[in-house]
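Reader: I would like to go through this model by question and answer, with the reasoning shown.

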Amino acid sequence: MLCACSGEQFKLEEPPQSPESLATRDFSASGLSSRTGDWESKFEDIQVDEAESTLKEALSLNYEEARALLGRLEYQRGNFDAALQVFQGIDIKGLTPRMTKAIVERTRLRKPRSKGDVVPAGIMSMHSVSLLVEAILLKARSLEDLGRYVDAANECKIILDTVESALPIGMPEGIGEDFKLQDMFHKALELLPNLWTKAGFLDNAITAYRRALVKPWNLDPERLAAVQKNLASTLLYGGVETNLPLQYQVWGPTTPKNSVEEAIILLLILMRKVSSLEIKWDQEIMDHLTYALSVSGQFELLADHVEQILPGIYNRAERWYFLALCYSAAGQEEVAINLLKKVAGNSEAKQMPHFPSFLLGAKLCSQDPIHAKEGIQFSSKAINVANNQYEHFRGQAHNFLGVCYGSAARACVSDSERLVLQRESLNSLNHAVLNEKNDPEVLFSLSLENAVQRNLEAAFDNAMAYTDIVAGSTGRGWKLLALIVSAKQQFKDAENIVDFALDEAAKTDQLELLRLKAVLQVAQEQPKQAIETYRLLLALVQAQREVQAKKFQQVQNLHSEALAERKLETEAWQDLATIYTNLGLWSDAKICVDKAKLIEFYSPSSWHTTGMLFETQSQYKEALISFSLSLSIQPDYVPSIVSTAKVLMKLGSQSFPIARSFLMNALRLEPTNHEAWLNLGLLSKSEGLLQQAAEFFQAAHELKMSAPVQSIA
């Protein structure tokens, strides 16, 4: 039979017969069978012109090429079993060396050559190679449709091995102009990783994706981007950690160290292509990048790429909201709140209200008392626009509104306004509980606000409900419960709660609970036990710091935890200094306060503790200097304001007016401070105002009997 493309004559041996094979049934050594009626039935659902062209082409094909052609016809008709039987009659193993040689020779001839170069005898034509490559590809697809994914992947791999052995440095430019080999090869490149994925061999799929990307195979930008995106998604969500092979590690120290880093690099490349309009916008790329940078803690980098997105993809409210999420996660709450203010501003008044921005703004403001008033505005807007789509968030909006009212009340100067804000806070939180009965965050907020307002029974009930819902899994719930019990002056019961919580809480919560336990022991006049508890706390902090030092590469992820431990360590040294001061061990107290200053020199509480040490030694001038330094760092630091007044009272009656001014300022900032009321009573008594002093003493006693051992809010 004649081969149409090569012009060579081949002697055709008798093909093996198979009763189920269309090719072996209707194709013989002499050509096509004369039973045209059978052939016509085979093409009943194929256009006549296609059938005629197929027959003309088949007349000039050899045995393997005819099988490739007839297998294609069976595949197009959906007869995957029959197509597979036809394809299995092709000796792929024996043909691949000839195919490789043909690709090498035919692509070599496309380059400039001397006049004497000729095609060696017996070389297959590119048309024949393309036809056989297509046959292998359709065989793989038939196996895929039959659910035999591993076999399909192995067949598909033959195409890649054959072409890559012939073209080790990639596909030359322009090869696809005349032949369909490139198109078949590209389809095989895309199919192979999908087959491995369906078979459940994700490591093989990742290898196949990388294989498609490491050499220039002339993939068009969109198809190349699709391969890169699919590799990134497999690396992110596949759950398989496959390091880059050594031959791919060409970036030196910047080589990706894990799957997430490799995925991030791919996605950043894709985002650059989107920005330069090389490829179309694809939301999935942004979704994958958002996830990858979020799990790696690179929120500022994510914000940078959000800002680079071309206008028209997101509207202004969505863009500001997205950026606010990024910056809030990066710890830049001020930037996030300012962005959300734009959404709630006049420029967006005519647009549809963006509820998620209002709710996020309310949440961020509820976490910072400075922004309490803005939080009230955000929460109110969220409640007003909570329609059917966002109805289930109404309870959350009321929760944030209640928290913001409470924060505003504590910062309020006017007593009447403070009472109004406190009432609004409880009303909003109770409304939130009605909407979200089983939401632990709402119950915690209500318990906290009741405790701050000294509604201890209600606070205790809410704290118990919160603990039941979370099954005692959070340290802050136990801490709040212990503080409420301590406010009832039941210090031993509070210590028992802390001991129970220490076995259930996480590491950071354990450190806070240990400090609370030490404070409770001091309240029970057990200084030695408290000192031992503080020693244990400091030892744990030191051990944790050593662990973090070994994980230097993860410092960024551990930043917030390290700051919390640093704060606890400072407070522990300050508390120890106070204990030693009360015991008269002034040298030990000085050592402890110096330790605290080494950690955080500009800490108002450290300078306050220093002032207390000087006051105990009757060094009033030095004490006033220390208290002044504390107030210069934080002007509203109430303990230093009260202590300054106490020292001034000891300096004589000429300082009484100034001392009273300090005490009144302290009560303006913290009306429930029993120390301020007590000293105000002592001052009034010294001035001969006995009735007024009695009232102040009564207030101090009542507040002390309901005061927790630590500040709750």
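Author: What follows is a set of questions on a predicted model, each answered from its coordinates.

Reader: How many helices and strands does the protein have?
Author: The model is predicted, and the secondary structure is counted over the protein. The count comes to 34 helices and two strands.

Reader: What percentage of the residues in the protein is buried?
Author: A residue counts as buried when its relative accessible area is under 20%. The protein has 713 residues, and the buried ones make up 47%.

Reader: What share of the contacts with a separation of 6 or more is between residues 24 or more positions apart?
Author: The contacts considered are those in the protein with a separation of 6 or more. Pairs 24 or more positions apart account for 60%.

Reader: Are helices α8 and α9 roughly parallel or roughly antiparallel?
Author: Two packed helices are described by the angle between their axes and the distance between the axes. Here α8 (residues 149–166) and α9 (residues 181–199) have axes that come within 9 Å and cross at roughly 150°. Angles over 145 degrees count as roughly antiparallel, so the relation of α8 to α9 is roughly antiparallel.

Reader: Which residues of α9 meet α8, and what is the hand of the crossing?
Author: From α8, the residues involved include Tyr149, Ala153, Cys156, Leu160 and Val163. On the α9 side they are Phe185, Ala188, Leu189, Leu191, Leu192, Leu195, Trp196, Lys198 and Ala199. The crossing of α8 past α9 is left-handed.

Reader: Thr197 is in helix α9; which residues beyond its neighbours within four places does Thr197 contact?
Author: Thr197 has a relative accessible area of 33%, so Thr197 is partly exposed. Its C-alpha is 8.9 Å from that of Tyr149, a residue 48 places away in sequence. With neighbours within four places left aside, the contacts of Thr197 are Leu202 and Ala205.

Reader: What is the distance between the end C-alpha atoms of helix α33?
Author: Helix α33 covers residues 674–686, which is 13 residues. At 1.5 Å a residue the expected span is 18 Å, and the model agrees, because the end C-alpha atoms are apart by 18 Å.

Reader: Which helices are among those that cover the buried residues of α33?
Author: The buried residues of α33 are His674, Ala676, Asn679, Leu680, Gly681, Leu683 and Ser684. Their cover includes α31 (638–650), α32 (656–669) and α34 (690–704).

Reader: At the start of α33, which backbone nitrogen does a side-chain oxygen of Asn673 reach?
Author: A polar contact needs N or O atoms within 3.5 Å. The side-chain oxygen of Asn673 comes to within 3.1 Å of its partner, the backbone nitrogen of Glu675.

Reader: Is Ser643 buried or exposed, and which residues does Ser643 touch?
Author: Ser643 lies in helix α31. Its relative accessibility is 5%, so Ser643 counts as buried. Not counting residues up to four places away in sequence, Ser643 touches His608, Met612 and Phe627.

Reader: Where is Leu277, and what is its phi?
Author: Most residues other than glycine have a negative phi. Leu277 is in the loop between α12 (259–275) and α13 (283–295), and is exposed, with a relative accessible area of 65%. Leu277 is not a glycine, yet its phi is positive, at about 65°.

Reader: In which loop is Glu525?
Author: Glu525 has a positive phi, near 60°, in a residue other than glycine. At 70% relative accessibility, Glu525 counts as exposed. Its loop is the one between α25 (507–523) and α26 (527–550).

Note on methods: Residues numbered from 1 in each chain as written. Predicted model: local features only at pLDDT ≥ 70, side-chain atom pairs only at ≥ 80, totals over all residues. Heavy atoms only, no water. Helix = DSSP H or I, 4+ residues; strand = E, 2+ residues; numbered from the N terminus. Expected span 1.5 Å × (residues − 1). Buried < 20%, exposed > 50% of the residue type's maximum accessible area, 1.4 Å probe, protein only. Contact = heavy atoms within 4.5 Å. Polar contact = N/O pair within 3.5 Å; in protein donor to acceptor, adjacent residues only side chain to side chain. Axes fitted to C-alpha atoms, helices over the stretch in contact; angles between N-to-C directions. Parallel < 35°, antiparallel > 145°, perpendicular 65-115°, else oblique. Left-handed = near helix turned anticlockwise from the far one by under 90°.
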